[in-house]
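Trainee: I would like a close look at one part of this model. Please pick a single helix, go through its surroundings, and then show me how the neighbouring parts are arranged.

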Amino acid sequence: MTTDSIQTDFSDRMSYGDYLKLDTLLAAQQPLSAEHDELLFIVIHQVQELWMKLLNRELDSAIDHIRADELGPSFKCLSRVSRVQMQLIQAWDVLATMTPADYLRFRPVLGSSSGFQSWQYRLIEFKLGAKNALMLKPHRHRADIFARLQAAFDAPSIYDEALRLMARRGLAVPADVLNRDVTKPHEADPRIEALWQIVYRESETHFDLYEMAEELVDVEDSFQQWRFRHMKTVERIIGMRPGTGGSAGVAYLRQALERSFFPELWSVRTKL
């Protein structure tokens, strides 16, 4: 094999590192202590934020496609969301190699910073329908971030858009559901469950709606796995201590496991 054609002079052309802005990216890990495991802690959370950036983009595209009745492209976006979520889940396995003693040696340098304050995570929750005005408050000091969060908070969630699509397809979605206050979480509704029963029982007639439902279940299933691994990793490392940002720590994360984005897509399985 000849190597004559391999580029080795990048004095006047773009290299791999230039394209990826690696100097900037690799300079972003700046531990505040001399403890070995702080770099691990920073890298894990920065990698998760990068994945969440992609996840938010794919969710935005999926919502736009559902709103435009373009389900094929939305399925591709949602499938990618689920794959990204697998990367987020596996990241906890790496962080779990850090022991409580390792973490406690550098925890004081975190101050009041906490993953609870991740604005990208809140964007994801808002787009999936977990609306809670309290979660806007930690970001009021950043007008640019607050504006993005407020826009997602005020907008219909992906499930709202799915229900509106069902109505456009002729399924009798109640008017009060279609016109509800989308800044509130969707509450389980037996009338919506009955409509999903129709979709599942008559899947050959409503196949793309049926596939959309399963894509949404995949997303929530993966999200709940991420929440569970997060909770168990935190419990493994800090036990029942409060979080650095003032949250209840493990107790708060356990409560989150009880909340569903798309409740009727789960309850319908009992009725089929």
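Mentor: What follows starts at helix 6 and works outwards from there.

Keep in mind that this is a predicted model. Helix 6 covers residues 119-128, and nine of its 10 residues are buried. The buried ones are Gln120, Tyr121, Arg122, Leu123, Ile124, Glu125, Phe126, Lys127 and Leu128. Charged residues are on that list too, including Arg122, Glu125 and Lys127. What do these buried residues pack against? Their partners are helix 3 (38-67), helix 7 (143-154), helix 8 (158-168), helix 11 (207-238) and helix 12 (250-256). Just after helix 6 comes Gly129, with a positive phi of about 115°.

Now take the aromatic rings. A pair of rings is described by the distance of the centres and the angle of the planes. The model has 13 aromatic pairs. In one of them, the ring centres of Tyr121 and Phe223 are 5.9 Å apart and the planes meet at 25°; planes under 30 degrees apart count as stacked, so this pair is stacked. Tyr121 belongs to helix 6 and Phe223 to helix 11, and 102 residues separate them, so the pair links distant parts of the chain. Tyr121 and Phe223 are both buried.

Phe261 and Phe262 also form an aromatic pair, with 5.9 Å from centre to centre, but the angle between their planes is 50° and the pair is tilted. Are these two residues buried or exposed? Phe261 has a relative accessibility of 6% and therefore counts as buried. Phe262 is buried as well, because its relative accessible area is 0%; the cut-off for buried is under 20%. Ring pairs join Tyr121, Phe223, Phe261 and Phe262 with Trp92, Tyr159 and Trp226 into a cluster.

Rings also take part in contacts with charged side chains. Arg122, one of the buried residues of helix 6, lies over the face of Phe116, 4.9 Å from the ring centre. The charged end of Lys131 is placed over the ring of Phe153, at 5.8 Å from its centre.

Beyond Gly129, the loop between helix 6 and helix 7 holds Ala133. With a relative accessible area of 44%, Ala133 is partly exposed. Its C-alpha atom is separated by 18 Å from that of Ser114, and the two residues are 19 apart along the chain.

Return to helix 3, one of the partners of helix 6. How do helix 3 and helix 4 (residues 71-95) pack? Their axes are 8 Å apart and the angle is about 165°. An angle over 145 degrees counts as roughly antiparallel, so helix 3 is roughly antiparallel to helix 4. The crossing of the two helices is left-handed.

The loop between helix 3 and helix 4 contains Asp69. Most residues other than glycine have a negative phi. Asp69 is not a glycine, yet its phi is positive, near 60°. Asp69 counts as partly exposed because its relative accessibility is 36%. Lys21 likewise has a positive phi, about 50°, without being a glycine. Lys21 is found in the loop between helix 1 (16-19) and helix 2 (22-26). At 54% relative accessibility, Lys21 counts as exposed.

Note on methods. Residues are numbered from 1 along each chain as its sequence is written. This is a predicted model: local features need pLDDT of at least 70, side-chain atom pairs count only at pLDDT 80 or more; totals for chains, interfaces and linings use all residues. Side-chain values use heavy atoms; hydrogens and water are left out. Buried means under 20% relative accessible area, exposed over 50%, partly exposed in between (1.4 Å probe, protein chains only). Helices (H or I, at least four residues) and strands (E, at least two) are DSSP runs, numbered from the N terminus. Contact means heavy atoms within 4.5 Å. Rings of Phe, Tyr and Trp (its six-membered ring) pair if their centres lie within 6.5 Å; planes under 30 degrees apart count as stacked, over 60 as edge-to-face and the rest as tilted. A charge sits over a ring if NZ of Lys or CZ of Arg is within 6 Å of the ring centre and within 35 degrees of the ring normal. Axes are lines fitted to C-alpha atoms, for helices over the stretch in contact, and angles run from 0 to 180 degrees between N-to-C directions. Angles under 35 degrees count as roughly parallel, over 145 as roughly antiparallel, 65 to 115 as roughly perpendicular and the rest as oblique. A crossing is left-handed if the near helix is turned anticlockwise from the far one by less than a right angle, and right-handed if clockwise.
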